[in-house]
Amino acid sequence: MVKQVEVLSAKKIMFSVCCGATYHTIAQGFYGRPWSMEQRKLLFQWLKRWGLNCYMYAPKDELKHRLLWREPYTEHEAARMQSLIEAAQEQGVEFVFAISAGQDMVFSSAGDRLLLQQKLRQVAAMGCHSFALLFDDIDPCMCQADRDVFPSLAQAQASVANEVYQELDQPSVFLFCPTEYCSSLCSPSPSQSCYLLTLGQELLPGISVIWTGPKVVSQELSATLLEEVEGILQRRPIIWDNLYANDYDCRRVFLGPYTGRAPGLMPRLRGLLLNPNCELQANFIPIHTLGSWFRSELESCAHRDHAGMETAAALRDSQGPQEGSYSPQEALELALHDWVAEINRQALEPEETGSSPMALLTLEEAGSGPTVLLTPKEARTSPTAPLTPEEARFSPMASLTLGEVQMLVELFYLPYHHGPLAQHLLEHFRWLRANSLSVGVPVTAPDDCEGMQWRGRAPYFQLLCAQTCRLHSRFVSSASRALLYDLHPYLWDIRNMLLAASAFVLWLGCQSITAPILLGGDAEPWAHRGGLFGELQALLPVGNSCDLFYHPPPLFPSSQLYLLHPLLPLDKGELYRMCQESLDCDPKVAEILAAHPDLLGDRLLGSFLSLSPEYTFGLEDEGGPWGYAAGALCAEGFLQQRDSSWLPAMRHKYPRDLGAGAPALGQDALEEALLFFHTEPPAVPLPVLRRFPSLVQLGTAPRVLDVGASRSLAICLLSALRANGSRGVFCQVSAADQQQLSFYSKLGFVALPVAWGISPGARLLGRLL
């Protein structure tokens with residue numbers, strides 16, 4: 001089965017619906033934050049509401065399910081288990097208790113067999129009537145003691161399963177998960193697998209066998225495949241469907257509709273188990289649409305002539321869905337309406353129901369006609385550009401709209417499919433990256449078709465990014481706490497990525513790239529980590545530097561809106577004010593700074609804005625600028641020009657005795673700035689310049705709480721430098737500035753073993769790109 005990872009929760013939930021001998025199930029696995037009893041009760045209510053009748057408990061990270069399977073439950077543990085069983089039964093949901101003993105079980109050991117039976121009898125005494133033995137994801141090699149008794153692993157497992165099945169008085173629901181549980185794990189193929197053939201012959205007829213399909217996470221299931229498996233196992237299989245399992249990738253969650261399962265599967269199934277997302281709230285649409293699929297299958301079976309059942313199924317496999325069959329899109333639309341109502345029912349107080357939700361933009365494809373690329377400042381004021389934080393303000397009391405929830409689903413769709421919004425984001429970003437060189441063509445040139453198209457598509461991409469960033473802010477303000485803490489990490493990741501991507505595209509439109517930008521099959525979904533987040537990351541020039549992108553979300557989500565953009569000369573005044581406002585000083589120093597308002601700004605940003613303006617970026621929130629990133633592609637030339645022309649001008653502008661006087665609050669910052677202007681800068685060691693040819697400087701205001709946005713600022717600058725050929729960057733940080741040292745360290749910078757700086761406390765940090 002899908003390997004459980006320690007970031008998420010290991011509780012395999014199976015949704016199951018009974019219809020005669022056929023039942024339909026959910027399996028759940030959870031790592032990380034365990035589901036509470038209240039969450040499970042909510043799950044059971046969902047199952048009952050949508051006609052699903054079974055829950056399989058199989059938590060691979062619960063010690064007594066897998067690692068310590070031999071140990072019985074304590075009195076307290078047994079009481080909790082019994083409460084869970086009773087809660088399921090109250091909703092008409094069959095509780096299936098699963099145990100994974102295969103990791104270290106000695107199949108030939110009478111003691112191990114007895115302990116397994118005692119453990120299951122203990123659970124049976126709690127009121128459980130259905131059981132499962134799971135032998136997935138184990139070493140297929142038997143120990144010597146077992147090899148002396150059993151000719152094969154299949155015979156050893158079948159012997160244990162048959163004995164347990166009979167000791168439990170042959171329960172009506174008894175599941176067996178084989179070690180070869182999908183086509184890709186069979187050697188050499190399902191039809192030629194000695195393991196599966198032996199199981200089919202040896203397992204008692206009342207034992208149902210679990211199968212995941214062609215792969216661990218199968219994109220499609222067909223009646224033809226199931227017919228083949230039925231012949232091998234000599235019984236109809238139970239599909240354990242990993243379509244929504246996300247425990248193999250902590251960057252992905254799946255909110256799309258149940259799809260890829262051909263009509264007419266029901267006659268070939270004993271049941272279907274759905275392994276959902278590890279986050280409970282993420283499973284509303286999966287469970288809802290699964291219920292729609294199952295009802296459609298039942299109706300199809302009821303109206304199909306029994307004699308022509310196999311012919312009809314074969315025709316559907318070959319011709320596609322027929323009229324009246326399950327439609328994933330229609331099922332999604334129904335589920336979306338119900339989910340919006342559920343979300344807002346949980347989130348809103350009665351008096352909030354009259355709030356007016358903010359309308360979303362309806363976007364037309366850009367690029368159909370001549371369009372002028374907006375400058376960064378114009379992009380912040382144009383009605384067809386991303387809204388500024390001030391313009392995007394909304395009532396925190398407004399409920400989430402159907403359009404907003406649909407956007408959420410489209411961002412996090414399915415393992416093999418992106419939703420429309422995610423597809424548009426990727427398509428536009430890929431095209432803009434691949435065609436950025438065409439922007440350098442003059443607008444009046446007769447062959448500027450590609451340039452005009454680029455200048456048309458760039459604003460549209462920025463609009464999509466702005467929409468998604470607004471969605472994050474709306475989600476934090478309006479979602480219920482349960483939904484927020486389940487889904488916020490994923491949406492926060494995408495928000496941060498799009499802040500950087502949008503600003504990078506805006507930067508591309510103003511540049512002439514001198515070095516080519518290189519862009520990053522039918523495989524299991526974990527072969528491409530991160531989903532939309534991972535694909536966007538790969539499209540950034542620094543996409544291979546994973547340490548820049550992987551960081552935990554804030555403990556307290558913020559709905560703050562941000563705007564990240566290349567700096568223009570007209571941004572200088574606001575940024576300089578930010579540099580000065582961040583200093584807490586007494587009246588005497590404040591008087592000096594009032595007379596020289598540019599002093600601290602010139603110290604921090606002046607040389608970059610004057611000598612390397614094309615590598616400067618700013619970050620704003622509703623309160624104005626609160627961060628900047630500045631860089632120089634060729635640090636050696638930049639430093640030479642700074643020392644020969646820019647610093648002499650600063651010495652004339654700010655006399656050395658400007659800060660003379662008694663020590664005062666804020667005097668240190670004033671002294672440091674003047675010392676920087678009037679002291680001969682030490683030469684950067686040549687090995688540093690060769691290994692790390694670019695210089696960077698990052699700064700944020702003290703009010704900054706969201707580290708994700710500040711990381712996006714850094715990613716944008718590093719992407720711009722890498723796009724023009726830089727392979728490494730360095731910066732200078734005071735040894736006493738622990739906050740900056742920590743921030744750079746989390747971005748992958750390391751201290752360079754060289755002495756450099758005006759004072760012994762200065763440090764050089766560097767990182768490769």
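**Figure 1. Cys177 and Cys469, cysteines without a disulfide.** In this predicted model, Cys177 sits in the buried class, with a relative accessibility of 0%. What is the nearest cysteine sulfur to that of Cys177, and how far away is it? It belongs to Cys182 and lies 9.7 Å away, and Cys177 is in no disulfide. A disulfide is counted here when two cysteine sulfur atoms come within 2.5 Å, so a gap of 9.7 Å leaves Cys177 out. Cys469 tells a similar story: the nearest cysteine sulfur, from Cys465, is 6.6 Å off, and Cys469 is in no disulfide either. Cys469 is buried too, at 8% relative accessible area. For the structure as a whole, the disulfide count is 0.

**Figure 2. Ser694 and its surroundings in strand S13.** Ser694 belongs to strand S13, which covers residues 694–700. Is Ser694 buried or exposed? Its relative accessible area is 0%, so it counts as buried. Its side chain has polar company all the same. A polar atom of that side chain lies 2.6 Å from the backbone oxygen of Leu633, and there is also a polar contact of 2.7 Å with the side chain of Ser726. Once neighbours within four places in sequence are set aside, the residues in contact with Ser694 include Ala632, Ala635, Leu721, Val729 and Phe730. Gly728 is another residue in contact with Ser694, and this glycine stands opposite Leu768 in S16.

**Figure 3. The open sheet around S13.** Zoom out from Ser694 and you get an open sheet of 7 strands, with mixed pairing, in the order S10-S11-S12-S13-S14-S16-S15. Which strands stand at the edges? They are S10 (563–566) and S15 (750–751); each has a single partner strand, so one side of each is left without a neighbour in the sheet. Further in, S14 (residues 728–734) and S16 (residues 762–768) run antiparallel and are joined by 7 bridges. Helix H20, made of residues 635–653, lies across S12 (624–632), S13 and S14. The helix runs at about 75 degrees to S13.

**Figure 4. Strand S11 between its two partners.** S11 spans residues 616–621, and 6 of its 6 residues are buried. Which residues point which way? Thr616, Gly618 and Glu620 point one way from S11, while Phe617, Leu619 and Asp621 point the other way, and all are buried. S11 pairs with S10 in the antiparallel sense over 4 bridges, and S11 is joined to S12 by 6 bridges, again antiparallel. Leu619 makes a handy landmark for both pairings: Leu564 stands opposite it, and its bridge partner in S12 is Gly627. With 2 residues between them, S11 and S12 form a hairpin.

**Figure 5. Backbone details in three loops.** Start with the cis peptide bond, which runs from Ser187 to Pro188 and has omega near -5 degrees. Pro188 is in the loop that links strand S6 (174–177) and helix H6 (194–202). Next comes Asp137, in the loop between strand S5 (130–134) and helix H4 (144–147). Its phi is near 55 degrees, a positive value in a residue other than glycine. Gln234 also has a positive phi without being a glycine, near 60 degrees, and it is found in the loop between helix H7 (223–233) and strand S8 (238–241). How do these residues fare for cover, buried or exposed? Asp137 is buried, at 16% relative accessible area, whereas Gln234 is exposed, at 54%.

**Figure 6. Pro459, a proline in helix H14.** Helix H14 takes in residues 449–478, and Pro459 is part of it. The proline is buried, with a relative accessible area of 10%. Pro459 and Ser502 are 43 residues apart along the chain, and their C-alpha atoms are separated by 9.1 Å.

**Figure 7. The protein chain as a whole, for context.** The close-ups above come from a chain with 24 helices and 16 strands. Of its 769 residues, 57% are buried. The accessible surface comes to about 31,000 Å², and carbon and sulfur atoms account for 55% of that.

Technical notes:
Residues numbered from 1 in each chain as written. Predicted model: local features only at pLDDT ≥ 70, side-chain atom pairs only at ≥ 80, totals over all residues. Heavy atoms only, no water. Buried < 20%, exposed > 50% of the residue type's maximum accessible area, 1.4 Å probe, protein only. Polar contact = N/O pair within 3.5 Å; in protein donor to acceptor, adjacent residues only side chain to side chain. Contact = heavy atoms within 4.5 Å. Pairing = 2+ DSSP bridges. Axes fitted to C-alpha atoms, helices over the stretch in contact; angles between N-to-C directions. Areas by Shrake-Rupley, 256 points an atom, 1.4 Å probe, with all protein chains shown as cover.
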